[in-house]
Amino acid sequence: MAKPGHAWSRPPPPPEEKAEEDEEGEDPLDARIARTGCLEQHRELQECMAEQRDWRHCQPQLRAFGACMARRERREH
């Protein structure tokens, strides 16, 4: 099973955000995605990518995540 979070590098968070992350133990990007309502689709995509190691084999998960994010965008505008 895939590990929560992402493997690529990001700049370090500001000190106040880092303190929050340490307390909660949650990846800030995962927290932002959770607020979109698309966390389940994102985790499924991450799991597929971890297993397949090739995004081309994860098209259904990629489309599901993209569609969820697009629905969210339409609701906000």
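Is L39 buried or exposed? L39 is buried, with a relative accessible area of 18%. The legends below come back to this residue, and they describe a predicted model.

**Figure 1. The whole chain is built from four helices and zero strands.** Let us start with an overview before moving in. Reading from the N terminus, the elements follow one another as α-α-α-α. The protein has 77 residues, and 26% of them count as buried. If you take the contacts between residues at least 6 apart in sequence, 46% of these join residues at least 24 apart.

**Figure 2. The stretch from 38 to 70 carries a domain annotation in UniProt.** The record, an unreviewed entry, places the feature "domain: CHCH" at residues 38-70. In the model, this stretch is 79% helix and 0% strand. The C-alpha atoms at its two ends are 10 Å apart. The next view shows two helices, α3 (residues 39-52) and α4 (residues 59-76).

**Figure 3. Helices α3 and α4 pack against each other with their axes 9 Å apart.** The angle between the two is about 155°. Angles over 145 degrees count as roughly antiparallel, and α3 and α4 are therefore roughly antiparallel to each other. Their crossing is left-handed. On the α3 side, the contact is made by Q41, H42, E44, L45 and C48. Facing them from α4 are Q61, L62, A64, F65, C68 and R71. Sorted by class, this contact of α3 with α4 has six nonpolar, three polar and two charged residues.

**Figure 4. R53 sits in the loop between α3 and α4.** Here is one for those who like to check backbone torsions: phi of R53 is near 60°, a positive value in a residue other than glycine. What is the relative accessible area of R53? For R53 the value is 70%, and the residue is exposed.

**Figure 5. Helix α2 (residues 28-36) meets α3, their axes coming within 8 Å.** The two axes cross at roughly 130°. That angle makes α2 oblique to α3. From α2, the residues D30, I33 and A34 take part, and they meet L39, H42 and R43 in α3. The contact of α2 with α3 divides into three nonpolar, one polar and two charged residues. H42 is worth finding again here, as H42 is also one of the α3 residues that meet α4.

**Figure 6. L39, the residue of the opening question, belongs to helix α3.** Which residues does L39 touch, leaving aside its neighbours within four places in sequence? L39 is in contact with D30, I33 and A34, and these three residues lie in α2. With a relative accessible area of 18%, L39 counts as buried, since the cut-off for that class is under 20%. L39 and F65 are 26 residues apart in sequence, and their C-alpha atoms are 8.5 Å apart in space.

**Figure 7. Helices α2 and α4 pack with their axes 10 Å apart.** The angle between α2 and α4 is about 65°. The α2 side of the contact consists of I33, R35 and T36, while α4 brings F65, M69, R72 and R75. By class, there are three nonpolar, one polar and three charged residues in the contact of α2 with α4. Two residues here will look familiar: I33 also meets α3, and F65 also takes part in the contact of α4 with α3.

**Figure 8. R63 lies in helix α4.** Is R63 buried or exposed? R63 is exposed, at a relative accessible area of 54%. To place R63 relative to α3, you can look for Q41, a residue of that helix. R63 and Q41 are 22 residues apart along the chain, and 9.3 Å separates their C-alpha atoms.

Terms used:
Residues numbered from 1 in each chain as written. Predicted model: local features only at pLDDT ≥ 70, side-chain atom pairs only at ≥ 80, totals over all residues. Heavy atoms only, no water. UniProt positions renumbered as here; feature names shortened; annotations may be inferred. Axes fitted to C-alpha atoms, helices over the stretch in contact; angles between N-to-C directions. Parallel < 35°, antiparallel > 145°, perpendicular 65-115°, else oblique. Left-handed = near helix turned anticlockwise from the far one by under 90°. Contact = heavy atoms within 4.5 Å. Nonpolar A, V, L, I, M, F, W, Y, C, P; charged D, E, K, R; others polar. Buried < 20%, exposed > 50% of the residue type's maximum accessible area, 1.4 Å probe, protein only.
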